[in-house]
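Open the model in your viewer and keep the selection panel at hand. We go from the whole chain to the ligand.

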Amino acid sequence: MTQRIFLSPPHLSGDELDSLRDALGTRYLAPAGPTLAAFEDDVSTILGLDPEERRVVALNSGTAAIHLALVLAGVGPGDTVLCSDLTFIASIAPAAYLGATPAFADAHPDTWNMDPARVREAFETSRAAGIPVRAVVLVHLYGRPLPPGHLAEIQALCREHGAVLVEDAAESLGATTGGTPTGILGDFGILSFNGNKIVTCSGGGALVCPDAKTAKHALSLATMAKDPAPHYQHSAIGYSYRMPNVLAAIGRSQLPHLQERMAQRKAVRDRYMQQLDGLPVAFMPEPENAAPNWWLTCVTFGHGPGDAHGHEMCETVRQALDAENIEARPVWKPMHMQPVFKDAAAFLNPEGCVGADLFARGLCLPSGSTLSENDVDRVAGVVRTALG
Ligand SMILES: *Cc1c(COP(=O)(O)O)cnc(C)c1O
C-alpha cells in the first residue's frame, strides 16, 4: 500500500537535534531553564511584542493556556463563557473545568468564524436574563483570521459589556488581521504547539498576557502557586502547566521556519485549487484585509448551504480518500451539536445554522507543509474520481 498521507503531520526542520543537544548541555532537564525563556522571547518577537515586556508564558498545552486565561479573567460558576460554535472543544472545555456555563455563537457564512451579530444577540440575551457573559473565546478557524471589521465589533461588544476577550490563535500562528498578528488582539491570547499545528514543540502552548504583572501571576498559577518562602506555602490553588525546557528547545528550532511553512501550506492550497477546478467544490473563503497562515485547506461540496447532495458528496469523497490511505476530516462538528453541550445556549443564524451546514458539507484535506506536489495531485485525483 502507498504511504499514508496525513492531515497535518509535524514537519522537522532538521535543527531539532542540535537544539536539543544544546538544551540538554545546560543540564536543565527540570521544567525551568534558559531555553524556555529564550523560547518565550522568540514567540514574543514573532507576535511583534518586545521580549523585554515579558508577556508570554510557555505552557504544556494550548488548552492549559485557555484554562489560565479564564482563571485570570475571574471566570467561575454562574458565569457564561461565549465561544465560537465551530471550533475544537479545547476552546471551551476549560470553561467547563471552572464550572462556568458555555454558550455558543454561530459562524458567519463569509468567514466561518464567530459572527458579530450572534455575539451581540448573546450579550443582549444574557443582559436581559441578568446572567453576565464573563468572557468570550474567539477562534481564528483553520488559520483564517477574522477580518478587522468583525474583530473590532466583537472587541467593542466585550468592552461595552465588561467581558474579557480570549483570542484562541491555536490554529493561526503567523496570520495577521489588519496588519496585526493574531494572538495579541484580545485581552489574552493563546497559542498551541501541538504536533498537528503549523510549528510544534511536539506538545505545548503559550499564554499571551496583557502585561508583565499578569504574566507573572500566570506563571505562578502554572507552577502550583508557590508563595515566596523557603518552605512550600500556598495561598492559592495552582496548576502544573509549565512547558518543559526540553520541549522549548524543539520549539526554538521550529519557529524560524514559520514563514516558510506558511508559504508551503499556501502552495498546497493553491495546487488543490488548480487541480479541483471545475468540480462542485468551494474553498474556505479568504478574509478581507487579513493574511492567513493557511494551516488547513478546507472545502465544501455541492451548490451552497443546505444542499443535501453536498453532504453525500462529502462523505463519498472522505471514504474514497480513506480507502486510499489518505486522512481527511470533516469540518469541526459545532459545539452546540455535541452531546456534552446539548443543553447549552446557542445563538444560531436565523436563516439556518451556518456551522451545521459547514459540518455537513465540509472537509479538511491533507494540508501539511511536507506534502509534495505529487501527494497533492494524488489526493486531488481521488477526489475527482469519487465525484466523477
Ligand atoms: C489545537 C487547538 C487548541 C488546543 O491546543 P492543545 O495544545 O492541543 O491543547 C485549542 N483551540 C483550537 C481551536 C485548536 O485547534
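The tour below takes the domains, then the ligand and its contacts.

**Stop 1: the domains.** Bear in mind that this is a predicted model. Select residues 16-256 and colour them as domain 1. Give 258-386 a second colour, for domain 2. Place a centroid on the C-alpha atoms of each domain: the two centres are 25 Å apart.

**Stop 2: the interface.** How many residues of domain 1 are in contact with domain 2? There are 48, and they meet 41 residues of domain 2.

**Stop 3: the pocket.** Now show the ligand. The ligand takes up the space of the largest pocket.

**Stop 4: the shell.** Select the residues within 4 Å of the ligand. You should get 15 residues. Gly62, Thr63, Glu171, Ser192 and Lys197 come nearest. Colour the shell by class: 8 residues are polar, 4 are nonpolar and 3 are charged.

**Stop 5: the polar contacts.** Zoom in on the ligand oxygens.

- Glutamate 171: a side-chain N or O atom lies 2.6 Å from a ligand oxygen.
- Glycine 62: here a polar backbone atom is the partner, with 2.7 Å to an oxygen of the ligand.
- Asparagine 194: a side-chain N or O atom is 3.4 Å from a ligand oxygen.

How much of the ligand does the protein bury? On its own, the ligand exposes 380 Å², and the protein buries 93% of that.

**Last view.** Keep the ligand on screen with Gly62 and Glu171, two of the residues that come nearest. Glycine 62 offers a polar backbone atom, while glutamate 171 uses its side chain.

Note on methods:
Residues numbered from 1 in each chain as written. Predicted model: local features only at pLDDT ≥ 70, side-chain atom pairs only at ≥ 80, totals over all residues. Heavy atoms only, no water. Polar contact = N/O pair within 3.5 Å; in protein donor to acceptor, adjacent residues only side chain to side chain. Areas by Shrake-Rupley, 256 points an atom, 1.4 Å probe, with all protein chains shown as cover. 1 Å grid on protein atoms, 1.4 Å probe; cavity = no way out; pocket = protein on both sides within 12 Å on 5 of 7 lines; lining within 4 Å. Sits in = over half its atoms within 2 Å of the grid points. Nonpolar A, V, L, I, M, F, W, Y, C, P; charged D, E, K, R; others polar. Domains from an automatic or database assignment. Contact = heavy atoms within 4.5 Å.
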